[in-house]
Amino acid sequence: MAWTVGADVGGTFTDFYAVNEIDGRFAVHKTLSTPSNPARAITLGLEEMCRRNGIDVKDIERFSHGTTVGTNILIQRKGARVAVITTEGFRDLLEIGRQTRPKIFSLQEDYPPPLAPRMHRFEVEERMGPNGEVVQPLGEEDIALAVAKVRESGVDACAVCLLFSFVSDRHEKAIAAALGYAAPNVFVSLSSDIYPEIREYERFSTAVLNAYLQPAFDDYLTLLESNLREIIPAAVIGMNQSNGGLTSIGCARDYPVRTVLSGPAAGVLGAIDAGIRTSYRDIITLDMGGTSADVSLIRNGDAEICTSRDVAGFPVRLPMLDVHTIGAGGGSVAWFDKDGLMKVGPISAGAAPGPACYGQGGTEPTVSDANAVLGRLDSNGLLDGEMTLDLDAAREAIRPAAKRIGFTVEATALGIIDIVVSNMVHAVRKISVERGFDPRDFALMPFGGAGGLHAVDVARLLKIRTVVVPRSPGILCAQGLVVADKKEDLVKTARIRVSDDYRETAFLALGDLMAELGEWFERERIPEGERDQKIAFDMRFFGQNYELRVPLPNSGAGMLPDSDSLESMFLAEHRRSYGFANAGDDIEIVNIRLTGIGHRRNRISAGEAQPAADSPEPHSIRPVYFKPGEPTDTPMFHRRALVPGHRIAGPAIIGQLDSTTVVGIGDSLIVDRHSNLIIEIAQHRPEQR
């Protein structure tokens with residue numbers, strides 16, 4: 001048994017990447033997603049990939065899966081009927097929230113209504129104090145009354161969200177036990193289990209989201225696991241989490257909220273792995289698929305982590321890879337707003353009917369249609385010719401928009417591309433410039449089916465010098481699943497002033513987390529030699545409302561830095577984030593975070609470098625539009641024909657099974673020793689600076 005398989009379900013395609021852990025052979029595969037039943041595309045695609053590549057399904061020992069099921073449930077509001085049991089006086093907390101408007105200049109737009117309607121939110125007379133002391137005991141009658149109301153409401157799931165349960169979970173556990181006895185068919189989510197951390201609104205919201213996802217996610221995983229067990233009965237199945245680590249199907253079933261951004265997180269892991277094989281360790285990723293574009297920032301081979309963000313309009317408080325998502329994909333539709341201006345996205349043609357050029361009945365103009373009209377997509381079809389393109393349908397889809405603005409079809413297509421590129425540039429600025437990073441210090445790594453089509457344009461506008469296109473860009477999310485480690489994030493709120501004796505209190509809090517982590521290592525059967533851990537503090541100046549995450553350089557609990565070193569680390573992070581720091585002010589730790597990692601047994605190296613080759617010959621030349629006016633005769637290359645050492649002067653189009661890469665006029669490309677495409681952007685070549 002030697003094969004490891006990653007499967008990533010996207011809005012348009014389901015991608016597969018398989019690697020042989022012994023000899024390094026790999027296989028890639030793409031199939032259309034089946035939104036009504038995502039498990040169907042996975043099982044059919046897995047069997048098809050194995051059949052085409054001569055892989056014996058009995059030799060698959062690991063299967064890792066990234067899913068958009070949770071995200072789609074939230075976006076489409078197709079989750080469970082949810083009840084909430086909360087502390088008396090906090091019934092309306094989910095609606096009160098933070099009393100901020102989602103759009104500051106709109107007095108009409110409000111946050112989405114709570115997933116648990118008010119009539120399904122029930123109070124109990126109880127109160128825990130901030131130190132875990134019982135201020136108001138929770139009586140058996142109160143528990144019985146609340147449980148009876150949950151049963152009568154006919155809900156599918158219940159979130160138990162009590163005040164200060166992150167300090168003491170006794171009352172939440174008592175309610176959960178009563179629900180399990182009296183309403184065994186109701187899924188239960190405890191806020192103290194999901195993520196026991198200060199700030200009740202975010203904690204309550206995350207618990208409600210988890211409850212909302214549980215029933216549908218349980219059905220999906222049950223069907224998927226049953227299907228996979230028939231095909232690959234001996235394989236260990238792992239689910240990717242938003243934090244970029246794998247977990248078991250059982251854990252994903254209990255905590256589906258941890259998986260809502262598992263697909264984009266897998267792409268970041270793939271980018272890190274691809275970056276390790278090059279000299280580029282500071283990378284901005286651009287993952288552009290059929291529906292959305294995800295951007296993230298990697299520093300020195302590590303992805304940025306955030307602990308709070310909105311998902312489909314709801315706040316989630318969990319450690320996640322810091323990925324910013326916008327509605328900009330190959331299927332993004334061009335449309336006209338009330339102001340008469342053209343917009344592109346977030347509306348998407350999706351997988352059904354898809355862009356007009358797919359020939360499946362789509363009639364609206366999309367980004368893929370624009371690329372087809374401009375000659376940037378192979379007229380022979382996608383997926384190595386298996387999926388033919390209807391160029392006439394693409395032109396007809398764009399023609400009404402062209403007529404409205406008085407442009408030619410080609411000029412309108414260029415406008416669509418310019419708009420979607422501008423949207424992606426803005427997204428990159430969000431995760432770089434607005435957080436104190438200069439994008440010019442990073443390489444841009446595009447992936448996803450459409451990333452390579454637009455990367456040079458995005459890089460040019462951001463003044464990024466280098467674009468690195470990995471070997472299988474359209475499959476990189478699936479490749480990231482193959483190299484993912486197991487991961488568990490633990491947190492304990494402990495407000496500690498940073499002083500000479502702070503370590504004594506911090507050691508006590510860490511001791512509890514270490515014990516919990518040890519249980520996780522044993523439960524996941526992770527051998528001693530594969531175990532790792534990382535510690536971080538959430539810190540702030542005393543009196544501030546929000547914290548900064550400060551990773552500690554040493555992973556051992558007995559290796560905490562002294563107070564002066566810790567203060568210097570915090571001040572440096574504060575200056576980088578905000579441009580200033582008040583040295584001498586009191587500093588406090590708010591949360592202690594412990595991350596457990598179960599490293600992969602082995603990582604496949606990229607192999608020995610191949611000798612340089614002569615310039616490659618294009619398989620054809622066709623006219624491509626790069627700017628208004630006449631098209632430019634552009635050489636077309638098959639990616640599989642390029643070997644390390646090959647050099648190409650732009651313009652050029654490189655096609656492959658899973659993606660297409662555009663090299664602009666004046667840009668230059670070289671294939672590095674690990675088969676990555678390194679593109680130097682024309683206006684930023686060293687000799688021109």
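The legends below walk through several close-up views of this predicted model.

Before you start, note that residues are numbered from 1 along each chain as its sequence is written, and that side-chain values use heavy atoms, with hydrogens and water left out. In this predicted model, local features need pLDDT of at least 70 and side-chain atom pairs count only at pLDDT 80 or more, while totals for chains, interfaces and linings use all residues.

**View 1. The protein is divided into three stretches: domain 1 (75-218), domain 2 (332-420) and domain 3 (486-598).** The bounds come from an automatic or database domain assignment. Between the C-alpha centres of domain 1 and domain 2 there are 45 Å.

**View 2. V82 sits in strand β5, which covers residues 82-87.** Strands (E, at least two residues) and helices (H or I, at least four residues) are DSSP runs, numbered from the N terminus. V82 is buried because its relative accessible area is 1%; buried means under 20% relative accessible area, exposed means over 50%, and partly exposed lies in between (1.4 Å probe, protein chains only). Looking from V82 to G301, you cross 219 residues along the chain, and the two C-alpha atoms are separated by 41 Å.

**View 3. D110 belongs to the loop between α3 (93-96) and β6 (121-124).** With a relative accessible area of 61%, D110 is exposed. E200 is 90 residues away from D110 in sequence, and their C-alpha atoms are 21 Å apart in space.

**View 4. N300 is a non-glycine residue with a positive phi, of about 50 degrees.** You will find N300 in the loop between β14 (293-299) and β15 (302-303). N300 counts as exposed because its relative accessibility is 54%.

**View 5. K343 and D337 join their side chains in a salt bridge, at 3.7 Å from N to O.** The term salt bridge stands for a side-chain nitrogen of Lys or Arg within 4 Å of a carboxyl oxygen of Asp or Glu, and the structure holds 37 of them. Both partners can be placed by their accessibility: K343 is partly exposed at 25% relative accessible area, and D337 is partly exposed at 30%.

**View 6. The peptide bond from G345 to P346 is cis, with omega near 0 degrees.** P346 is part of strand β22 (residues 342-348). A cis peptide bond also runs from G650 to P651, here with omega near 10 degrees. P651 is located in the loop between β31 (647-649) and β32 (652-655).

**View 7. E410 and R395 form a salt bridge whose closest N and O atoms are 2.7 Å apart.** Because E410 lies in helix α12 (residues 409-431) and R395 in helix α11 (residues 391-405), the pair ties together parts that are 15 residues apart in sequence. Are these partners buried or exposed, or something in between? E410 counts as buried at 15% relative accessibility, whereas R395 is partly exposed at 27%.

**View 8. E434 pairs with K430 in a salt bridge, with 3.8 Å between the closest N and O atoms.** E434 has a relative accessible area of 48% and is partly exposed. K430, at 31% relative accessibility, also counts as partly exposed.

**View 9. Salt bridges link E197, R199, R317, R495, D538, R540, E547, E588 and R593 in a network.** When you look for this network, one residue to start from is E197, and others include R495 and R593.

**View 10. D500, D501, E504, D562 and D564 form a negative surface patch.** Such patches are made of residues with over 30% relative accessible area and no salt bridge, where like charges are joined within 9 Å and nonpolar side chains (Val, Leu, Ile, Met, Phe, Trp, Tyr) within 5 Å. Asp and Glu count as negative and Lys and Arg as positive, while His and the chain ends are not counted. One of the patch members, D564, is found in helix α16 (residues 563-578). D564 counts as exposed because its relative accessibility is 54%.

**View 11. S675 has a positive phi of about 70 degrees, although it is not a glycine.** Its place is in the loop between β34 (668-671) and β35 (677-680). S675 is partly exposed, with 22% relative accessible area.

Conventions: Accessible areas come from the Shrake-Rupley method with a 1.4 Å probe; for residues, only the protein chains shown count as cover. The place of a charge is taken as NZ of Lys, CZ of Arg, CG of Asp or CD of Glu.
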